[in-house]
Structure formats: C-alpha cells, structure tokens
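Student: I would like to learn how to read a protein model feature by feature, beginning with the whole chain and then moving to particular residues. Could we go through one together?

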Amino acid sequence: MLKIYRIIFLCVLAFQTFIWSGCNSRTLNEDSSDIITDFPESLLDMLELNSNVDINNDGWLSEFEAGMVKSLDLSSYALDELSWLDELRYFTGLETLKITSAITAIDLTNQRNLESLTLTGTSLAGTLDLTAQTRLTYLVLTDSAGIDTLDIHACTKLQQLDIRGCAIKNGLGDFSSFTALTALKIHRLQETNNVEYPSHQSDYTKNNNNVTINSSSFTNASQLTELMAEDCSIASLDLAKCTSLKNLYLEVNSLDGVLDLSNCANISVIQVNGNPGLTEIRLPSGTSISNFTGSSKNGADSGVVWTN
C-alpha cells in the first residue's frame, strides 16, 4: 500500500512540475522570443531597477520582455548611447517615451499605445508622422528645428501640446478637432522671456514655426486653460467657447481691432505685445488681471483699451 501511495505522490509531483513549467513558459514566451543582442547592458540595468523587466533574471532582454515595458525615460542618455534605438520596434507596450538627444531618426510604427511622448533637442528632419499614436494625450516636441511637417490629425485625445523651438510649416493651424486640449504652446525657435516689439518682428519670423492659426481654430476648446501662440500670423481669434482659459500669450501676431475675451471668466494672464493693430480687449465684468503686457489699462502704452 505504501508503495502505491509513493507512486501516486510522484505522479502528482511530476504533473504539478509539468503544469508549472508550461505556465512559466507561456508567461515568458521565451521559446519563441529572441534575445535583443544589441541592447546595452547599462540600459538594461536601469530598466531592471525601474521596471524589473528581466522577468526570468537571465541578464538579457528578450523581445517578449521588451514588449512588456510601459515607460522609457532616455533623457539622461547621449546620442552615442542610443545606437540601439532601431530596437525600439520591440517595445510595443510603451505608454510613455522621453528622448532628449540629437537623434536623427526614430520609428514609432509599433508604439500604438503611446500616451505621452517627449522629443527634445533632436536632429530629426522632414516629417514626423504620429497618425498611429491615436492614444496620445501629451506631446512635447521642442528644439527640433529640422522638423517641418507634423501630422497629428489622428491624435484627437491630445490634452497638452508643446511644439516650441521647431520650424513646422505644415500640419498645424486648425485645432478645432482637439476638443480635449487644455494647453497649447507654439513658440519661436529661440525661446526667451525678453519682451519683443513690432520692430523686432522679422527676428521672430525668420526663426519660427511658419504657422497661421485660423480664426476658428478654438471654437471647440472649452477645456483650454493655456494658449501660447506667438508669431502665428493671427489676425483674429474666436475664443468665445474658451470658457476655461486662464493664461493667454499672443505676442507678435497681427491682431486687429477687438480681442473678445468676455466669455473667459477665469482669465488672469494676458500678453499681447507686438500687435500694433489691436485696439481693444474685452474682458468679463469684474475681471482682475494679475499679469498683463501690451499696454496699461488706460491704453497709455499702445492705445489698447480694456473694457469689462
């Protein structure tokens, strides 16, 4: 009888080992997942500390393991440390990606889950196509002067968009389909806090996004709280639906006549230097502006009159 029990025990143990081994194999999928041989050990160490990506602790990164990574912050890596960037195609599960070096190329075809993308100080040139990144809510594309076309028409979930320090000529202008947008920043190449007046307008035009924003660009932007659109050839702007707007920066444009902010009950910051044709800013009744550049309230600087 004891012998029978022993046989049964061994059979159960063997069966459990088989089941555990099978589940582990399916979990890791190592049988059909190749090792990414060009992936640098230093970066793997960083990922292991932050994300525990080496699931089977073999000291290598497999394609399966790369696909499990949700976030990559490469802001501390120089260009020569990103020679493996072609292998980014294996990181199919990425939701957040941050790169701040002079990369010359990037393929985001497989990153369809991206929600946050930061590309700063790159040497990318030509078109940046983000039509596959339909889940993007946060996009920072700064100090990348070689990019002249940006395709974000499919990124209708965008909440924050910052494209300062670029030279984009195509793909921007109408933001009416971005109904979730809370912050938009389009700025000259050489970002500065110095006030620029109309006499310096050629300096802006020479080094900035060649973007003309349509008057009706923000007719659906009820969530917009910050708008920075400098040197965008804006002659008029319909902000009637921007009821959440707090901060407005429209320096060096072509605003003419009246800028109507009477529906912007939360407005507190207005900067409109460099708009010689602007004669009146209409504010909600009782509004107190904490930060204003462009004229004094009585119009002594440039003839702009506030009314509320």
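Student: Among contacts in the protein between residues at least 6 apart in sequence, what percentage join residues at least 24 apart?

Tutor: Please keep in mind that this is a predicted model. Of the contacts between residues at least 6 apart in sequence, 27% join residues at least 24 apart. As for the overall make-up, the protein has four helices and 15 strands, and 43% of its 308 residues count as buried. The protein exposes about 15400 Å², of which carbon and sulfur atoms supply 48%.

Student: Which residues touch the most other members of the largest nonpolar core?

Tutor: The general idea is that nonpolar side chains tend to be buried together in soluble globular proteins. Here the largest nonpolar core holds 74 residues, and those touching the most other members are Phe91, Leu97, Phe218 and Leu227. Helix α2 (residues 41–51) gives this core its largest share, four residues.

Student: If I take Leu227 from that group, with which residues is Leu227 in contact, leaving aside its neighbours within four places in sequence?

Tutor: Leu227 is in contact with Leu184, Phe218, Leu237, Leu239, Leu245, Asn247, Leu248, Tyr249 and Leu250, once those neighbours are set aside. Two of these contacts can be placed in the strand pairing: Leu184 stands opposite Leu227 in β9, while Asn247 in β10 stands opposite Glu226. Strand β8 (residues 183–186) and β9 run parallel and are joined by four bridges, and β9 is joined to strand β10 (residues 247–249), also in parallel, by three bridges.

Student: How should I read the two faces of a strand, and which residues of strand β2 are buried?

Tutor: In a regular strand the side chains alternate between the two faces of the sheet. Strand β2 (residues 96–99) shows this alternation, with Leu97 and Ile99 buried on one face, whereas Thr96 and Lys98 point to the other face and are not buried. In strand β9 (residues 226–229), by contrast, both faces are covered, since Glu226 and Met228 on one side and Leu227 and Ala229 on the other are all buried.

Student: Which strands pair with β2?

Tutor: Strand β1 (residues 71–74) runs parallel to β2 and is joined to it by four bridges, with Leu72 having Leu97 as its bridge partner in β2. Strand β3 (residues 116–120) also pairs with β2 in the parallel sense over four bridges, and there Lys98 stands opposite Thr118.

Student: How many aromatic pairs does the structure hold?

Tutor: A pair of aromatic rings is described by the distance of the centres and the angle of the planes. The structure holds three such pairs. One of them, formed by Trp84 and Phe91, is tilted, with 6.2 Å from centre to centre and 50° between the planes. Trp84 is buried at a relative accessible area of 2%, and Phe91 is buried at 0%.

Student: Why is the pair of Phe175 and Phe178 described as tilted?

Tutor: The ring centres of Phe175 and Phe178 are 6.0 Å apart and their planes stand at 50°; planes under 30 degrees apart would count as stacked and those over 60 as edge-to-face, so this pair falls into the tilted class. Phe175 and Phe178 are both buried, and together with Phe218 they form one aromatic cluster.

Student: How many disulfides does the structure hold?

Tutor: A disulfide is a covalent bond between the sulfur atoms of two cysteines. The structure holds zero disulfides. Cys242 is in no disulfide, and the nearest cysteine sulfur, that of Cys264, is 6.0 Å away. Cys242 is buried at a relative accessible area of 0%.

Student: Where does Glu230 lie, and is Glu230 buried or exposed?

Tutor: Glu230 lies in the loop between β9 and β10, and because its relative accessibility is 2%, Glu230 counts as buried. The C-alpha atoms of Glu230 and Tyr249 are separated by 6.8 Å, although these residues are 19 apart along the chain.

Student: In which strand is Gln160 found?

Tutor: Gln160 is found in strand β7 (residues 160–162), and its relative accessible area of 37% makes Gln160 partly exposed. Gln160 and Leu184 are 24 residues apart along the chain, with their C-alpha atoms separated by 6.1 Å. Setting aside neighbours within four places in sequence, the contacts of Gln160 are Thr137, Tyr138, Leu139, Leu181, Thr182 and Ala183.

Note on methods. Residues numbered from 1 in each chain as written. Predicted model: local features only at pLDDT ≥ 70, side-chain atom pairs only at ≥ 80, totals over all residues. Heavy atoms only, no water. Core = buried A, V, L, I, M, F, W, Y, C linked by side-chain atoms within 4.5 Å. Buried < 20%, exposed > 50% of the residue type's maximum accessible area, 1.4 Å probe, protein only. Contact = heavy atoms within 4.5 Å. Pairing = 2+ DSSP bridges. Phe/Tyr/Trp six-rings, centres within 6.5 Å; stacked < 30°, edge-to-face > 60°. Disulfide = S-S within 2.5 Å. Areas by Shrake-Rupley, 256 points an atom, 1.4 Å probe, with all protein chains shown as cover.
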